[in-house]
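These are my notebook entries on a structure that I had not examined before. I set down what I looked up, topic by topic.

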Amino acid sequence: MAIQDRNHRKTLTRCGLLTTIALTLFLIEARLPAPLPIPGAKLGLANGATLIAVYRMGWKWGALVLVGRILLGSIFSGQTMTLLYSATGGLFVLLLLALLRPFTTEKHLWLVSPLCGVCHNVGQLLVALQVMGTAATLYFLPYLVFLGILSGFVVGVATQETLKRLVGRI
Amino acid sequence: MKQQTPKGLIALVMLLLAGSVAGMLWMSRPTEPKQMAVLSVDGTVLQEIDLGAVTQGYTFLVEEVPGETNLVEVKPGAIGVVEANCPDALCVGQGFSQGTGKPIVCLPHRMVIDFRENEGTLDGYTG
């Protein structure tokens, strides 16, 4: 019982740390000028922290890191719309990760992450469609899928390389 | 230990990549410019501007929600956002559009400038 309690506390601490890392990456990214005039396109480095939490501690802990980052992120960036967009994108990513987690390992992050990118961007676009009440935003679908794969790949490789150097430390 | 890379996932990523490239090419194919610019916020149409009828450029401020501003400039045959107080100002980055398919979108302010055919004029296709 005592050991289990200590493990639980350890995991909770790790999740807090990962949320902090995710939030920092998220806020730095939000400060950088957008490189492309495609609404909703971004690198999404913060998702790396979600990936680490999901693959090292299970998708429920990953969900905790994700929800924590999204809530705090939209408070700190002062954007109410950001909350709606990234919460839906995040929900899609979580569903995908819960689905993929059983038959993938940390070595597959380079492949899992691009799919996360696509899921996130498609989720965001669905919100935009709903909020804007016009199909005009659909124009950006192929761009967002393409950029989601590219940025997801970069984030996936970065996360995988980070994990390699963190053996047993998190 | 399962070391094998799931081939289905690779196929899925490749499929999405190919599909999106095809989609981008299709979206950017040359089209007839659509002359009617339709500006809407939150799905409500605020203005319809016939870009073909504009002879002198002008700007107007869109502030449907107090504190959320987009300065729109209309030129003969083109429209674009020149200033916005949203955090990313991607709508400004999207530049001016002549109505060739691509809408101008401001996600934080939920503003869209879309284009449609001007029903008032006859052209070779609708004639």
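Entry 1, aromatic rings. I note at the outset that the model is predicted. I looked for rings that pair with one another and found that A:Tyr139, A:Phe140 and A:Tyr143 are linked into a cluster by ring pairs. My search of the whole structure gave three aromatic pairs over all chains.

Entry 2, charges over rings. I next turned to chain B, where the charged end of B:Arg29 sits over the ring of B:Trp26, at 4.1 Å from the ring's centre. I also recorded B:Lys75, which lies over the face of B:Phe96, 4.0 Å from the ring centre.

Entry 3, strands of chain B. I followed strand β4(B), residues 70-75, and found that six bridges pair it in the antiparallel sense with strand β5(B), residues 78-84. Within this pairing, I listed B:Ala84 as the bridge partner of B:Asn70. The two strands form a hairpin with two residues between them. In the turn I noted B:Gly77, whose phi is positive, at about 80°. I then traced β5(B) to strand β6(B), residues 96-97; these run antiparallel and are joined by two bridges. Here B:Gly80 has B:Phe96 as its bridge partner. B:Phe96 is thus also the residue whose ring face lies under B:Lys75.

Entry 4, one residue of chain A. Is A:Thr50 buried or exposed? I located A:Thr50 in helix α2(A), residues 47-57. A:Thr50 is buried, because its relative accessible area is 1%, below the 20% cut-off. Leaving aside residues up to four places away in sequence, I found that A:Thr50 touches A:Gly62, A:Leu66, A:Arg69 and A:Leu97.

Conventions. Residues are numbered from 1 along each chain as its sequence is written. Chains are lettered from A and ligands numbered from 1 in the order in which they are written. This is a predicted model: local features need pLDDT of at least 70, side-chain atom pairs count only at pLDDT 80 or more; totals for chains, interfaces and linings use all residues. Side-chain values use heavy atoms; hydrogens and water are left out. Rings of Phe, Tyr and Trp (its six-membered ring) pair if their centres lie within 6.5 Å; planes under 30 degrees apart count as stacked, over 60 as edge-to-face and the rest as tilted. A charge sits over a ring if NZ of Lys or CZ of Arg is within 6 Å of the ring centre and within 35 degrees of the ring normal. Two strands pair if DSSP finds at least two bridges between them. Helices (H or I, at least four residues) and strands (E, at least two) are DSSP runs, numbered from the N terminus. Buried means under 20% relative accessible area, exposed over 50%, partly exposed in between (1.4 Å probe, protein chains only). Contact means heavy atoms within 4.5 Å.
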